[in-house]
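Please open the structure in your viewer and keep the selection panel at hand. The tour proceeds by short selections, each followed by a description of what is found there.

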Amino acid sequence: MIVRLMGEGQWQVDDGLKARLDELDAETERAVEAGDEEALHTALRAMHEAVRGAGEKLDHAHLAASDAVIPPDDLSLDEARAMLAAGEEPFPDLA
Amino acid sequence: MAGLMSRASEITQAKISKLLDRAENPEETLDYSYEQQLEQLQNVKRGIADVTTAKKRLELEESGLQQQLAKLDGQAKEALQANREDLAREALTRKASLQAQVQSLDQQEEQLAAQEQKLIQGEQALQAKVEAFRTQKEVIKAQYSAAQAQVKVGEAATGIGEHMADVGLAIQRAKDKTEQLQARAAAVDELTASGALEDYTAQGDDLDRQLAQVSQSSQVDDELAQLKAELGQGSGGDQGALPEGGEK
């Protein structure tokens, strides 16, 4: 599958990585709920490292969509809350 | 509630659907999407320029503080030479507080540099994708039937739309950061102007004045002692040690 690390690019990784990423994704959710920015960064960094370590980076000119999108690993607690809220706040519209 | 990965994917998809819904047929989707890509390229270039400006401003601020640090060092030395340990302590206290400010500026510069780097990478990737999209756009227009084109256009536009959303977030974050820095600088200016915060970098402040007084009074003492010596009054033991204080 193709995974995007926001702010970095896209990686082709083995489908087997999905379970590990889901596990870490659940950790990001718990970290935000607990208001623990350090735990949030730890989980996000682990996701980035897992993808970079297990995958092959795709060329910039590649036009395929990703199967998973992982936010930047330095996302603040406030940004994470805004992202999880319904309003889609931190993302500007494309058009 | 889902985690951040699920939400980021959802949001990106929603943004792309919104973009694609604007166009009525495949050809229009291609052209409209291409227009948006060029616009996003301009946005990211502007974002990089803004971050560079903010970085320069921080660097200027820091070099001003470094000058002030060097000046305080000199003042502390001068004060000690004049046997004014109280003033030397005051100068060193200010120095410590300025050093903390320098450290915080360093951290902010680092954060800005990281964001600048991400924007530059995002721009390069977007540039490459826009080129690839432009080529594919012509191929699709020339070679595919309407039904096939629909699928191909959807694929290409979705892939690049995702990157545009990614770059969009990077631009937004950089903008938030530079605005935060501007707001902080404005708040510091306001506090300094209102007197709530001491402006250690202002010229001719209290410490300067006191040190000037010390050197003036020792100059006066020196001249007095010299005059007294000329007039043959210098034999009084208490005045004899003074001329040394001015020079050493």
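Is B:Gln115 buried or exposed? Select this residue before reading on; the model is a predicted one. B:Gln115 belongs to helix α3 of chain B. With a relative accessibility of 13%, B:Gln115 counts as buried, because the limit for that class is under 20%. Display its surroundings as well: leaving aside residues up to four places away in sequence, B:Gln115 touches B:Arg173, B:Ala174 and B:Lys177.

**Chain A as a whole**

Colour chain A by secondary structure. Three helices and four strands should appear. Followed along the sequence, they are arranged as β-β-α-α-β-β-α. Chain A has 95 residues, and 49% of them count as buried. Among the contacts in chain A with a separation of 6 or more, 67% come from residues 24 or more positions apart.

**The last helix of chain A**

Next, select residues 77–84 of chain A, which form helix α3 of that chain. This helix is mostly covered, with six of its eight residues buried. The buried ones are A:Leu77, A:Glu79, A:Ala80, A:Ala82, A:Met83 and A:Leu84. Show what surrounds them: these buried residues pack against α1 (17–34) and α2 (37–54) of chain A, and also against α1 (4–21) and α4 of chain B.

**Where the chains meet**

Now show both chains together. The contact involves 45 residues from chain A and 44 residues from chain B. The size of an interface is often given as the accessible area lost when the parts come together. Here, chain B and chain A bury about 3800 Å² between them, and 59% of this area lies on carbon and sulfur atoms.

How many salt bridges cross the interface of chain B and chain A? The rule finds five. Side chains of opposite charge can pair when their charged atoms come close. To see one example, select B:Arg173 and A:Glu79, whose side chains meet in a salt bridge with an N to O distance of 2.8 Å. B:Arg173 is also one of the residues touched by B:Gln115, where the tour began.

**Salt bridges within chain B**

The search over all chains of the structure finds 21 salt bridges. Select B:Lys55 and B:Glu116, a pair whose closest N and O atoms are 2.7 Å apart. The pair links distant parts of the chain: B:Lys55 is in helix α2 of chain B and B:Glu116 is in helix α3 of chain B, 61 residues apart. B:Lys55 counts as buried at 19% relative accessibility, and B:Glu116 is buried with a relative accessible area of 11%.

Move to B:Lys95 and B:Asp73, whose side chains meet in a salt bridge at 3.0 Å, N to O. B:Lys95 lies in helix α3 of chain B and B:Asp73 in helix α2 of chain B, so this salt bridge ties together parts that are 22 residues apart in sequence. B:Lys95, at 18% relative accessibility, counts as buried, whereas B:Asp73, at 33%, counts as partly exposed.

Then select B:Lys137. It forms a salt bridge with B:Glu138, the closest N and O atoms being 3.5 Å apart. B:Lys137 is buried, with a relative accessible area of 8%, while B:Glu138 counts as partly exposed at 43%. Add B:Tyr34 to the selection: the charged end of B:Lys137 sits over the ring of B:Tyr34, 4.8 Å from its centre.

**The nonpolar cores**

In soluble globular proteins, nonpolar side chains tend to be buried together. Which residues touch the most other members of the largest nonpolar core? They are B:Leu119 and B:Phe133, in a core of 41 residues. The elements that give two or more residues to this core are α2 (26–81), α3 (85–143), α4 (146–194) and α5 (206–230) of chain B.

Select B:Phe133 and display its contacts. Not counting residues up to four places away in sequence, B:Phe133 touches residues including A:Leu63, B:Tyr34, B:Ala156 and B:Ile160. A second, separate core has 29 residues, among them A:Trp11, A:Val51, A:Leu75 and B:Leu169.

**A final stop**

Finally, select B:Ile16, in helix α1 of chain B. B:Ile16 is buried, with a relative accessible area of 2%. Select B:Gly159 too: B:Ile16 and B:Gly159 are 143 residues apart in sequence and 9.1 Å apart in space, C-alpha to C-alpha.

Technical notes
Residues numbered from 1 in each chain as written. Chains lettered and ligands numbered in written order. Predicted model: local features only at pLDDT ≥ 70, side-chain atom pairs only at ≥ 80, totals over all residues. Heavy atoms only, no water. Core = buried A, V, L, I, M, F, W, Y, C linked by side-chain atoms within 4.5 Å. Buried < 20%, exposed > 50% of the residue type's maximum accessible area, 1.4 Å probe, protein only. Contact = heavy atoms within 4.5 Å. Lys NZ or Arg CZ within 6 Å of the ring centre and 35° of its normal. Buried area = accessible area lost by both parts, 1.4 Å probe. Salt bridge = Lys/Arg side-chain N within 4 Å of Asp/Glu carboxyl O.
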